[in-house]
Amino acid sequence: MFSAKPACARLPPPCRDELTVLAALLRSLSGAVDWPAAVRTARPWVQAVRDKPAPFWAMESLLQEYPISSAEGLALMRLAEALLRVPDVHTAIALTADQLGKADFDASKGHGGPHKMLANLSASAIALSKKFLPENDAESGLLKRLGAQTVVGATVRAIQLLGRQFVLGRSIDEAMGEAASARKAQRPVGPDCALRFSYDMLGEGARTDADAQRYLASYRSAIRAIANGRSAPSPEGADGISIKLSALFARYEDAQRERVFAELLPRVWQLVEPAAQAGINLTIDAEESDRLELSLDVLDALSARIAATCPQWRGFGLAVQAYQTRALDVVDEVARIARAHGLRFMVRLVKGAYWDGEIKRAQELGLAGYPVFTHKHHTDISYLACARALIGHADVIYPQFATHNAGTIAAIVGMARAARTPYELQRLHGMGEGVYREVLRASNLEAAAIPVRVYAPVGEHRDLLAYLVRRLLENGANSSFVHQLSDETVAIEQLLASPLVPAESPGIAPPVALYGWNGITGRRNSAGVDLACLAERAPLDRALAATILPTVPEATSAEIDAAMHRLHAGFDAWNRTPLAERAAVLRRAADALEARLPEFCGLLVKEAHKTLGDCVAEVREAVDFCRYYADQAQARLATQVLPGPTGESNALHLRGRGVFVCISPWNFPLAIFAGQVVAALVAGNTVAAKPAEQTPAVALRFVELLVAAGVPGDALALLHGPGERVGAALVADARTAGVCFTGSTAVARLINRALAAKDGAMVPLIAETGGINAMIVDSTALPEQVVDAVVQSAFRSAGQRCSALRLLCVHEGVADAVIEMIRGALQELSVGDPAQLATDVGPVIDAEAFDGLRAHIARLRQQATLIGETPVASTLPRLVAPIAFELAAIADVQQEIFGPVLHVVRWGGEVDDVIAQVNALGYGLTLGIQTRIDSRALRLAAAARIGNVYVNRNMIGAVVGVQPFGGEGLSGTGPKAGGPHYLYRFCAEQTVTINTAAAGGNAALLAGTH
């Protein structure tokens, strides 16, 4: 029905210079906005709202009494987010106690908002309730337990009442009934300006096809109900529906473009067609910036079908987010699509709802900038520029302006009236009622009534959480208009100050400066690639097509001996090289590697069978290792002057040990190889680098890069070959002064024994091995977030990460739902050629690994309960389908399985017992904790004998200098790679004490005291 055309860029790159974009936006607004006139219009609205404030339970009032920047506001938000979904009383009590216990609800402090009596009363009630709550999970006792249950029951009812303020109805019928009541209560206006609604069926993005089908059924049912209740003659005047594409398809992302057209678009058409037949409005809601181009492609494809089947329909549209730096380009592209198909769209202009997520993504990916504006008033400028453009495209667009900012509303009213363009305003249900009350009153007095539409969430109150939290974060910041509107300490002049004055610099340092880089000092964040951007992806595609793996000969025994002789002889010269020069070599290597990222990505795909996303991340990690260890060496390995008695100097010197043998694995053939080698080098050692036998080409290319950056030929040697021959010979060599190893626990034991058996000096071993890495999920965790973290942690990189999730321990109260979602998520993964962007899971490394995994899976099929597995259509060799099994007990997991195999165990009772059982496994590399009980997360982390603990996120992708990586027990020796203590293990220490008073006394002391 829908076929995907070749992808092409419709918009400029997402990350552009913010101030340059703003200059263009301001030019487009020249002469269009009379801000002083807007202030004169908006001032009486603001004053009237302050004279007659919104009720205590309205969002703006709650934000005034309990701002999210306060402990009280944050506690209430976290309770609203989690409490209604907790199935067991014990955990509900623990969550309530944990959150309320952090805040000080003290009525005696007084409240500055307009509802002092109600605020003080609520604070007193909460403070009293806290006395009935336990101070920790373990506290019990009948009276305490009964009192706590009473408090939790009251809190649940309060949150349900809160939900009624922000959710129009629990079902579409209930919501439509509430909408009818709201229309009746509205002051009499013309039929074209009766209150309108756009219903949003609550729910976030689908994780499974079952989720998507459920959302589809919900949308279809709502459209039927809206159509049956329709009374307006046109879509502009009728109620409508808003849909999220990510709710209709679990893989709504650029990498799955072919599936989007094949699977998502037919579903959307099942909604578009009845909406068109009924003549109602259907709006596609906005998503994150990396889906923006894809959303426009979807809009274009659907528009072509609409033009062919129902060209008279004027109710199709989408939302545009003004906080994106490409927003104005989006408006123009939407207008172009409308004209190309002879249609007229309804376009909702919003300010944006994922700002913090967009900032974090850009920082984590090392993008060139941010796809969103970093000052709030810059978004306001963009909003006004987009509003003017929408008004200018009135022949093909019906503009819908969603905002609660009185100044913005007044400016839009002025622009639209000047252009004599029809439009409507929009507000969120439960928010902005005071401002819109005044806007409508004023427009009625002027006989120029303005249509208003309410964006109305519909769904069960337990589904409120994601919507409410996002809206609170979006509108609850101290700098937001909604927050400041009811704050009388903010002068009206300040509240309505013109946004049309751009800041002199961005509000957030660019991603490159994440670690303090200012162009001279600090560490530069490694540059990444936005794979959703065609222009950034193209160099990777070209490099991959041109990649030919070089042949790397295996080292003979004679070559090993010669290399060790050369390295031993070269040690003194390299160790005497000034520390600053050694660090400079690493920085040059980092810059060269960063510049050659596409080339190394091509090598990683061809040799290590990594997906493109994993390749980019690995090159960046290697770059980060070079820069981080250069900085750490200069900060920590320089001579340290120590205190002592008068007439004496004391200094600590750190220097290289000699020849360090670095043995690296195949699963990170660049990042771990580079991290080991450059750490040893910068500490003053010469290095015998033994890469994994499966991945020597990547290692060879990096060694060549290091030599070109200034590492002498007698300071570094690449020695390729089987571990049992080359690795064993290097470990046994008398000239070896240290060994750095990453790999299996069994091989680490062999190395340790070999070193212990050697005569001569005791040789240090730095070992990082694997683990039976667990994730503990309690009943407060959000299942969607859990499944996202599980899928990434267990199956990304085909499960071939030391840190990968092996054992999922999920609370029995939520286990069925989580397991069912995992089963569905497995069906959505793509297994195949790692060179293809759509591939999630590529082949395992070699035949030995493949055969071992197949044997283990065969045993599990006999001994455990199959949860689900990913279908595999590709015929590429060594593909192991991601698979999950349920086991009876934690102790049933006896060994690490290095592949995409997940073991799931249910738990009940005390969560402390679970962490004790995990500790008993003996491994200690990574642990995931999923809970909304903050004190519980900290307690479990403290009890875990595990090196890296991740709370409410995935367990993979440790970042250099941010999450130093390494374990304990059977998982390694430490110190942690990418951490502040790592380099010390590569060093020998020497203290030099000089009696400076040996020649006749302490002249300096005598001169200073007499």
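# Helix packing and enclosed space in a predicted model

Visitor: Which residues of helix 11 do residues of helix 9 meet?
Guide: From helix 9, the residues Asp209, Ala212, Gln213, Leu216, Tyr219, Arg220, Ile223 and Ala227 take part in the contact (heavy atoms within 4.5 Å; helices are DSSP runs of H or I with at least four residues, strands E runs of at least two, numbered from the N terminus). The model is predicted, with pLDDT of at least 70 needed for local features and 80 or more for side-chain atom pairs, while totals for chains, interfaces and linings use all residues. Residues are numbered from 1 along each chain as its sequence is written, and side-chain values use heavy atoms, leaving out hydrogens and water. On the side of helix 11, the residues met are Arg267, Gln270, Leu271, Pro274, Ala275 and Ala278.

Visitor: How many residues of the contact of helix 9 with helix 11 are nonpolar?
Guide: The contact includes 2 polar and 3 charged residues (Asp, Glu, Lys and Arg are charged; Ala, Val, Leu, Ile, Met, Phe, Trp, Tyr, Cys and Pro nonpolar; the others, Gly among them, polar). The nonpolar residues number 9.

Visitor: How do helix 9 and helix 11 lie to each other?
Guide: Helix 9, residues 209-228, packs with helix 11, residues 257-278, at an angle of about 0°, their axes being 10 Å apart (axes are fitted to C-alpha atoms over the stretch in contact, with angles from 0 to 180 degrees between N-to-C directions). Because angles under 35 degrees count as such, helix 9 and helix 11 are roughly parallel.

Visitor: Which element gives the largest share of the lining of the largest cavity?
Guide: The largest cavity has a volume of about 140 Å³ (a set of points on a 1 Å grid where a 1.4 Å probe fits but cannot get out, lined by residues with an atom within 4 Å of a point; volume is the space filled by the probe spheres). Among its 15 lining residues, Ala286, Glu287, Leu292, Leu318 and Ala319 are closest to its centre. Helix 12, strand 4 and helix 13 each supply at least two lining residues, and the largest share, 4 residues, comes from strand 4.

Visitor: Which element gives the most to the lining of the second largest pocket?
Guide: About 1,300 Å³ of space lies in this pocket (an open set with protein on both sides within 12 Å along at least five of seven lines). Its lining has 42 residues, with Trp666, Gly743, Ser744, Val747 and Glu848 nearest the centre. With 7 residues, the element that gives the most is helix 29.

How values were computed:
Parallel < 35°, antiparallel > 145°, perpendicular 65-115°, else oblique.
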